[in-house]
Amino acid sequence: MSPFDGMDGGVILGVESSCDDTAVALVTAKGEVLASRKATQEEIHAEFGGVYPEFASRAHVKSIIPAVEGTFKEAGISPRDLRAIGVTRGPGLIGSLLVGINTAAGLGLVWDKPVIGVNHLRGHLRSADLEEARITYPALIFLVSGGHTVLAHMRSTTDIRIVGKTRDDSVGEAYDKVARMLGLGYPGGPEIDRRAKEGTATLRFPRPLIREGLEFSWSGLKAAVGRHVDQNGPEPVNDLAASFVRAVLDVIEAKCRKALEDYPSSCMAVVGGVAASPQIRESLETLCAEKGVALCLPPLKWSTDNAAMIALAAWDYLAHDIAPPLVAQARLSLEVF
Ligand code: KG4
Ligand code: ZN
């Protein structure tokens, strides 16, 4: 029996503003996305080489209500059709989270709808089931984004266990910082990938914690690239990018291999912005084929930050009567609702 049996349908409005994207979406209990919008702030933060929190909050304030209005218009429904509002309560930048939470709380009051505070990371884990159910359980989910590097084992949509995570930076952060050292733009991932394809991995950078369990650490790798650039300059950029990517791939392949051995899974999903990396996709395709595990790579629009995943996770909360306090939390473990 599905946890949604007996629910009388309706739609959840998802609101996401934990970092630098203002996103709003309308999603049914089955994961059908009626409308989804995202206002990005890349141009605002590009000159800083990372997200500037104060500017992020201000941009959310400007974009959020127009995004809500546009989403209803696009879906052709009205707030009366809502079952609830789901909003990211953490983890993230506190000022950014507060914009989303306060907007959702205000709308909930005016429209007389319940407001559910959702853990952003649980949204990412559910993102692979948007539009169509893609995950079969037990599943290993690899969340790789600008903010997170997490390996989670899921036995159902709500039975989630962290089996590995980073001790320091996220993979995306490492890509962005190395891109900055090499004089490439922000976000750094796509540019590093492009340069790496043109280059050869001539340098051997460290592969942090490669043989030590399922924990990740990227700061040593980032620092090694930094030292090399300080001593020798950023040329040849393509070879440096290729050497950095080779080290990242070796670590990811080793950790995912061990996780699949320790936690048998029928499918492995890769979500988060770094899942856009063709090299990472290719390396995990080879690994999953070897292990006989189905690899699920959901469309990138659901892999990067979006509000549809928050709405889908909110349906889980509703189905299981889970109602965490509607309080912004800068830090929030995946294992907490
Ligand atoms: O999930 P996301 O859109 O935002 C959050 O962090 O929540 O992820 C953004 C991160 C950035 O660090 C960016 O450099 C990285 O994803 N990224 C990539 C690629 N495209 C984006 N990293 C590696 N290869 C890519 N092609
Ligand atoms: Zn995210």
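The legends below describe close-up views of a predicted model.

**View 1. The five-stranded open sheet and its strand order.** The strands of this open sheet run in the order E3-E2-E1-E4-E5, and their pairing is mixed. Strand E3 (33-40) and strand E5 (115-119) form the edges, each pairing on one side only. On average, neighbouring strands of the sheet are turned by 20 degrees against each other, direction ignored.

**View 2. The pairing of strands E2 and E3.** Strand E2 covers residues 21-28 and pairs with E3 in the antiparallel sense, over seven bridges. Within this pair, Val-27 stands opposite Val-33 in E3. In general, the strands of a sheet pair through backbone hydrogen bonds, either parallel or antiparallel.

**View 3. Helices H2 and H3 against the sheet.** Helix H2 (residues 53-75) packs on the sheet and touches strand E1 (11-16), E2, E3 and strand E4 (82-90). The direction of H2 makes about 25 degrees with that of E2. Helix H3, spanning residues 94-111, also packs on the sheet, where its contacts are with E1, E4 and E5. The direction of H3 makes about 160 degrees with that of E4.

**View 4. The zinc ion (ligand 2) and its donors.** His-120 and His-124, each through NE2, and Asp-305, through OD, coordinate the zinc ion (ligand 2) at 2.1 Å. Along the chain, the donors follow the spacing H-x3-H-x180-D. His-120 lies in helix H4 (residues 120-126), whereas Asp-305 lies in the loop between helix H10 (300-303) and helix H11 (308-319), so the pair ties together parts that are 185 residues apart in sequence. Four donor atoms surround the zinc ion (ligand 2), and the arrangement is irregular because the angles they subtend run from 77 to 136 degrees. A tetrahedral assignment would need all angles to lie between 85 and 135 degrees.

**View 5. Burial of two zinc-coordinating residues.** His-120 has a relative accessible area of 3% and is buried. Asp-305 is buried as well, with a relative accessible area of 15%. The cut-off for buried is under 20% relative accessible area.

**View 6. The contact between domain 1 and domain 2.** The domain assignment of the chain gives domain 1 as 11-128 + 302-319 and domain 2 as 136-297. The C-alpha centres of domain 1 and domain 2 lie 27 Å apart. Across the contact, 19 residues of domain 1 meet 19 residues of domain 2.

Definitions and conventions. Residues numbered from 1 in each chain as written. Chains lettered and ligands numbered in written order. Predicted model: local features only at pLDDT ≥ 70, side-chain atom pairs only at ≥ 80, totals over all residues. Heavy atoms only, no water. Pairing = 2+ DSSP bridges. Helix = DSSP H or I, 4+ residues; strand = E, 2+ residues; numbered from the N terminus. Axes fitted to C-alpha atoms, helices over the stretch in contact; angles between N-to-C directions. Contact = heavy atoms within 4.5 Å. Donors = N, O, S within 2.8 Å, 3.2 Å for Na, K, Ca; no water. Tetrahedral: all angles 85-135°; square planar, octahedral: opposite > 155°, others 65-115°. Buried < 20%, exposed > 50% of the residue type's maximum accessible area, 1.4 Å probe, protein only. Domains from an automatic or database assignment.
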